[in-house]
Amino acid sequence: MLRYVLTTVLALSAAPALANDSIAELGTGGLILSRNDAVAMQSEDLFISPEKVTVDYVFHNNTDKDVDAIVAFPMPDISGDPEEMPAIPENQSDNFLGFEVTIDGAPAKPQLEQKVLALGIDISADLKAQNVPFNPFGDAAKAALAKLPQAVADDWVNRGIIIEDADADSGQKPGYSPFWQLRSTYWWRSAFPANKDVHVSHRYKPSVGGTSSVSFFNEGQFQGSYAAYKTRYCMDGAFENAVRKAAKDNADGYPKFYESRIAYILTTGGNWAAGTIGKFKLTVDKGNPKALVSFCGDNVKKVGPTSFEMTAHDFYPEHDIDILLLEPSDSNGGDAN
């Protein structure tokens, strides 16, 4: 796979270096079909930006018989682990990515299947029995944990379902935080008429990870996580030069950027006929014209002030898509618009 990177040159004013605080991105992908040799994916039009992900598919039934299949959209797993800080667009909702889907232009109402795990064990029934909501980041779950009988709370701590909350108000009863993992999947049954196309579109808000400074550049050189970043995001010499220039233009010697990261899982599909995508189109929009963006791809072309496009025929998704954005920051860590 060819390496591709797109950069812009920035004129930056002096500001103190930002702390290297980081929030993890959650890898999310597209639709998965139940194994079917009759239905082919004729095309996939994928758009990724920090604000939204949209995917438009055209499926075609190559046979003379109607086909019914299960179509699923796996949401990324989320965990209450306090050592991890995932970026969750709508953390109070079960539909925490704001997922929506249409079939031939009509809104669909997929079913949501959820399972709660602790130490790999399904503990969904335990939470239901105590009326504890499944979303570990929702305020409702935290409130429900405060009402647990002490014997249940002690048992759940021992089983790795919850942990004592060190930040809770001191009192006779300790506070608790979720430690379980939530696994969510939207799914629906879809009819694929004989010898006809079916258009399916879905959209959601991506989980955009971030770091408040450039984690791989310090004291005038690339170091730390740079080798891993270079492989994952295909950063090249032009990208390096832009980062060096930003550091040189800043009085304290640090590049005045913060990181945004988006991960799209492209390799989990393939359960359609032939296992390839007839026509594949990827559009990446970096949003801010002054941002630097780097990702891996073949024959990528700039098609707008902030957007870049890659197309392929009979495309086999061998690799996931990882996008790195370096956003200009002001002295307060905000966008420099």
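This report describes the internal cavities of a predicted model and a sheet that shares a strand with their surroundings.

Residues are numbered from 1 along each chain as its sequence is written. Because the model is predicted, local features need pLDDT of at least 70 and side-chain atom pairs count only at pLDDT 80 or more, while totals for chains, interfaces and linings use all residues; side-chain values use heavy atoms, without hydrogens and water.

A search of the whole structure finds 2 cavities of 30 Å³ or more. A cavity is a set of points, on a 1 Å grid over the protein atoms alone, where a 1.4 Å probe fits but cannot get out; lining residues have an atom within 4 Å of a point. Points are joined across faces, edges and corners, and a volume is the space filled by probe spheres set on them.

| Cavity | Volume | Lining by class |
|---|---|---|
| Largest | about 80 Å³ | 9 nonpolar, 3 polar, 1 charged residues |
| Second largest | about 40 Å³ | 7 nonpolar, 2 polar, no charged residues |

Here Ala, Val, Leu, Ile, Met, Phe, Trp, Tyr, Cys and Pro count as nonpolar, Asp, Glu, Lys and Arg as charged, and the others, Gly among them, as polar.

Of the 13 residues lining the largest cavity, G30, L31, E44, Y57 and L266 lie nearest its centre. Strand 5 (39–48) and strand 20 (257–265) each supply at least two lining residues there; strands are DSSP runs (E, at least two residues) numbered from the N terminus. Strand 20 also gives the most to the second lining, with 3 residues.

Strand 5 pairs with strand 6 (residues 53–61) in the antiparallel sense over 9 bridges, pairing requiring at least two DSSP bridges. V58 in strand 6 is the bridge partner of S43. Both strands belong to an open, mixed sheet of 8 strands, ordered 10-9-16-6-5-21-24-23. Strand 10 (106–107) and strand 23 (301–302) each have a single partner strand, so one side of each is left without a neighbour in the sheet.

Methods:
1 Å grid on protein atoms, 1.4 Å probe; cavity = no way out; pocket = protein on both sides within 12 Å on 5 of 7 lines; lining within 4 Å. Helix = DSSP H or I, 4+ residues; strand = E, 2+ residues; numbered from the N terminus.
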